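Let's take a walk through this model, starting with its charged side chains and working outward from there. Keep the 3D view open as you read.

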Amino acid sequence: MSEISTRDAARDGASARDAARDNARESALSVAAISSERPESDDNVWTRRLVLFLRVMALLSILKGLYHWAQVTGFVGGEDEAFENQSMAWQAATVYFAVIELVAAVGLWLATPWGAVVWLTTVVSMAVIELMFPGIYGGSLVVVGVEVFMLAAYLALAWMAARERPP
């Protein structure tokens, strides 16, 4: 074979490879474009509502946790309401909620199972403290009612979201 025919064959082989690569790239781009389009369906409407509820509860938990930390550090309340002047039970409960509310907020925002468990622990803990130990925070039935309502809303949304996904 002559040198010119060898170069022509190499050039033809290179152009064939380039054409094949271009075809593969175009088909990959068209497949990516098709797969990136999300069908607008209502298959997961309850799951989306549950995640939205968890995010709202996460924001509420952040506010509650920061409020408890503000009580510990003295940013809220007067001189007679200072952390040092409160009973040991009040101090322990306030520190407990200052920590656990913020931990629950992180887990709720991420919509993780452990976040929901920690949040449920905070909800039940607050209701129990209000009902069983009214001397700590005053025994407000309004707080208990709000906690029970949030618990019922979570359970209803979780149940409806679970029904969307077959086992």
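Start with K64 and E147, whose side chains meet in a salt bridge at 3.5 Å, N to O. This is a predicted model, so treat the distances here as computed from predicted coordinates. The pair links distant parts of the chain: K64 sits in helix α2, while E147 belongs to helix α6 (residues 141-164), 83 residues apart. Are these two side chains buried or exposed? Both K64 and E147 turn out to be buried.

K64 has another partner. Its side chain also meets that of E101 in a salt bridge, this time at 3.3 Å, N to O. Here, too, distant parts of the chain are linked, with K64 in helix α2 (residues 45-73) and E101 in helix α3, 37 residues apart. E101 is buried, just as K64 is. As background, side chains of opposite charge can pair when their charged atoms come close. How many salt bridges does the chain have by this rule? The count comes to two. Through shared partners, salt bridges join K64, E101 and E147 into one network.

Now step back for the overall layout. The chain's secondary structure comes to six helices and zero strands, so if you read along the sequence you get the pattern α-α-α-α-α-α. Of its 167 residues, 28% count as buried. Take the contacts between residues at least 6 apart in sequence: 62% of them join residues at least 24 apart. The accessible surface comes to about 11,200 Å², and 67% of that belongs to carbon and sulfur atoms.

Next, the aromatic rings. How many aromatic pairs does a search of the whole structure find? It finds six. One of them is W90 with Y137, an edge-to-face pair at 6.4 Å centre to centre, with 75 degrees between the planes. W90 lies in helix α3 (residues 88-109) and Y137 in helix α5 (residues 134-137), so this pair ties together parts that are 47 residues apart in sequence. W90 has a relative accessible area of 9%, which makes W90 buried. Y137 comes in at 22%, which makes Y137 partly exposed.

Then look at Y96 and F97. Their ring centres are 5.0 Å apart and their planes meet at 70 degrees, so this pair is edge-to-face. Y96 is partly exposed, at 33% relative accessibility, whereas F97 is buried, at 0%. If you pick out F83 along with W90, Y96, F97 and Y137, you have one aromatic cluster.

Two other tryptophans are worth a click for their arginine partners. R49 lies over the face of W46, at 4.5 Å from the ring centre. R163 does likewise with W159, lying over the ring face at 5.0 Å from the centre.

Time to turn to the outside. A nonpolar patch on the surface is formed by L59, I62, L66, W69, V95, V99, V103, V106, W109, L110 and W114, with about 960 Å² of accessible area together. Which elements give two or more residues to this patch? They are α2 and α3. The most comes from α3, which gives five residues. W109, one of the patch residues, lies in helix α3. At 39% relative accessibility, W109 counts as partly exposed.

Finish with a backbone detail at A111. This residue is in the loop between α3 and α4 (113-132). What is its phi? Phi of A111 is near 55 degrees, a positive value in a residue other than glycine. For context, most residues other than glycine have a negative phi. As for its surroundings, A111 counts as partly exposed, at 33% relative accessibility.

To pull the threads together, go back to the model and show three things at once. Colour the salt-bridge network of K64, E101 and E147, then the aromatic cluster of F83, W90, Y96, F97 and Y137. Last, add the nonpolar patch on the surface, to which α2 and α3 each give two or more residues.

Key:
Residues numbered from 1 in each chain as written. Predicted model: local features only at pLDDT ≥ 70, side-chain atom pairs only at ≥ 80, totals over all residues. Heavy atoms only, no water. Phe/Tyr/Trp six-rings, centres within 6.5 Å; stacked < 30°, edge-to-face > 60°. Helix = DSSP H or I, 4+ residues; strand = E, 2+ residues; numbered from the N terminus. Buried < 20%, exposed > 50% of the residue type's maximum accessible area, 1.4 Å probe, protein only. Lys NZ or Arg CZ within 6 Å of the ring centre and 35° of its normal. Salt bridge = Lys/Arg side-chain N within 4 Å of Asp/Glu carboxyl O. Patch = residues over 30% accessible without salt bridge, like charges linked within 9 Å, V, L, I, M, F, W, Y side chains within 5 Å. Areas by Shrake-Rupley, 256 points an atom, 1.4 Å probe, with all protein chains shown as cover. Contact = heavy atoms within 4.5 Å.
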